[in-house]
Amino acid sequence: MTRLTADLIKDVPSHVPRLDDELNDKIGMDMRTFACYAMDVDIKDLDFDRYTVAIVPVTSGGGVIGGFSASVAAAVGAMGMRSFVTGACDVTGVAEAFSSGADIIFMADDERFIALNTRTRSFSDNIWSTAKGYVTALKLAEGGLEGKTVLVIGAGRVGTEAVKILREEGASVEVTDILHKRSVTLENRFDNVKAKKDVKQAIKDNRLILNASPGLISGDLIQNGAVISSPGVPYAFDAEGERKAKVIIHDVLSLGVAVMAVSSVCLSLFNIPAAGVVAEKLVIS
Ligand code: 2YC
């Protein structure tokens, strides 16, 4: 996953108010409705304003990313939850979040970005939530994925989770990556997954695309009427691609954060690849 920079996320807080309208235009739902749909939660069961969400800046690794915590706070706040960025970072920030009675704590180091539910010992993960969100958006934009073929560009952590989720949706998956062996690994691991060595040809051959790569995608490769769901950062498409595609769903952080927020309140344990724990569905807690 691309490590964000202050420059990549500088427009998030001002863009958040327009996200609902953009999402409505593309998939017919606002962000909170979409996040509940993605997590199969009845929006009537979730009182967003009941939740206090703390975002703790973390200084480890590459350090704090200017605007990252504020961007997460803006995205969660737009869903109707009460969100704030702690004054302190790291452990002191976590202590501040707990003593302020936060129900959910968002924090990210260079490896993991999680939303931890302080009441239910559950946490959601940005990688899975982003993959789940963008596969769900593709399904809504396309009107279902059962029996269809989807190209996943990028066999990294988000692309790998997206392959798994697409298969759960009954889609056949083609996967392409500049490091072809990463695609072959997925082909060997799952049935209904085909590794495609020629990235450009794979893009030309597919109308349904989930782009989980940091690469730029030239519009001459895009089919007319393509339906594209693109968590990849930075934004990959040029004017020709935007003209030819039926729809391109992309934002730099908020959609994954929205799904994290809902999943952190509705799952008791999480199917965390590292921990191998399978998610159980809980009533909203
Ligand atoms: O500002 C902070 O608290 C930093 N520690 C945040 C570091 C985030 C690093 N991860 C990323 O940039 C991306 C995120 C979109 C999610 C996964 N990787």
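How many residues of domain 1 are in contact with residues of domain 2, and how many of domain 2 take part? In this predicted model, 18 residues of domain 1 are in contact with 17 residues of domain 2.

**Domains and their interface**

The domain assignment of the chain gives a domain 1 made of two segments, 6–126 and 254–281, and a domain 2 that covers 129–249. Between the C-alpha centres of domain 1 and domain 2 there is a separation of 25 Å. The two domains bury about 1400 Å² between them, and 64% of this area lies on carbon and sulfur atoms. As for polar links, the count of salt bridges between domain 1 and domain 2 is zero, whereas five residue pairs are found in polar contact across the interface, with both residues of each pair at pLDDT 80 or more.

On the side of domain 1 that touches domain 2, at least two residues each are supplied by α2 (12–27), α3 (31–38), β5 (122–125) and α11 (254–266). Of these contributions to the domain 1 side, the largest share is that of α11, with five residues. By residue class, the side of domain 1 that touches domain 2 divides into 11 nonpolar, four polar and three charged residues.

**Ligand surroundings**

The ligand is surrounded by 15 residues, and the closest of them are L4, V58, I65, A108 and N126. For three of these closest residues, L4, V58 and I65, a polar backbone atom is paired with an atom of the ligand, as the table sets out.

| Residue | Residue atom | Ligand atom | Distance |
|---|---|---|---|
| L4 | polar backbone atom | oxygen | 2.7 Å |
| V58 | polar backbone atom | nitrogen | 2.8 Å |
| I65 | polar backbone atom | oxygen | 2.9 Å |

The ligand thus presents an oxygen atom to the backbone of L4 and an oxygen atom to the backbone of I65, while a nitrogen atom of the ligand is paired with the backbone of V58.

**Backbone features in two loops**

Two further details concern the backbone geometry of loop residues. V233 and P234 are joined by a cis peptide bond, for which omega is about 5°, and P234 is found in the loop that runs between β10 (227–229) and α10 (239–244). D40, although it is not a glycine, has a positive phi of about 55°, and this residue, D40, is found in the loop between α3 and β1 (52–56). The helix that precedes the loop of D40, α3, is also one of the elements that supply at least two residues to the side of domain 1 that touches domain 2.

Terms used: Residues numbered from 1 in each chain as written. Predicted model: local features only at pLDDT ≥ 70, side-chain atom pairs only at ≥ 80, totals over all residues. Heavy atoms only, no water. Domains from an automatic or database assignment. Contact = heavy atoms within 4.5 Å. Buried area = accessible area lost by both parts, 1.4 Å probe. Salt bridge = Lys/Arg side-chain N within 4 Å of Asp/Glu carboxyl O. Polar contact = N/O pair within 3.5 Å; in protein donor to acceptor, adjacent residues only side chain to side chain. Helix = DSSP H or I, 4+ residues; strand = E, 2+ residues; numbered from the N terminus. Nonpolar A, V, L, I, M, F, W, Y, C, P; charged D, E, K, R; others polar. Near = heavy atom within 4 Å.
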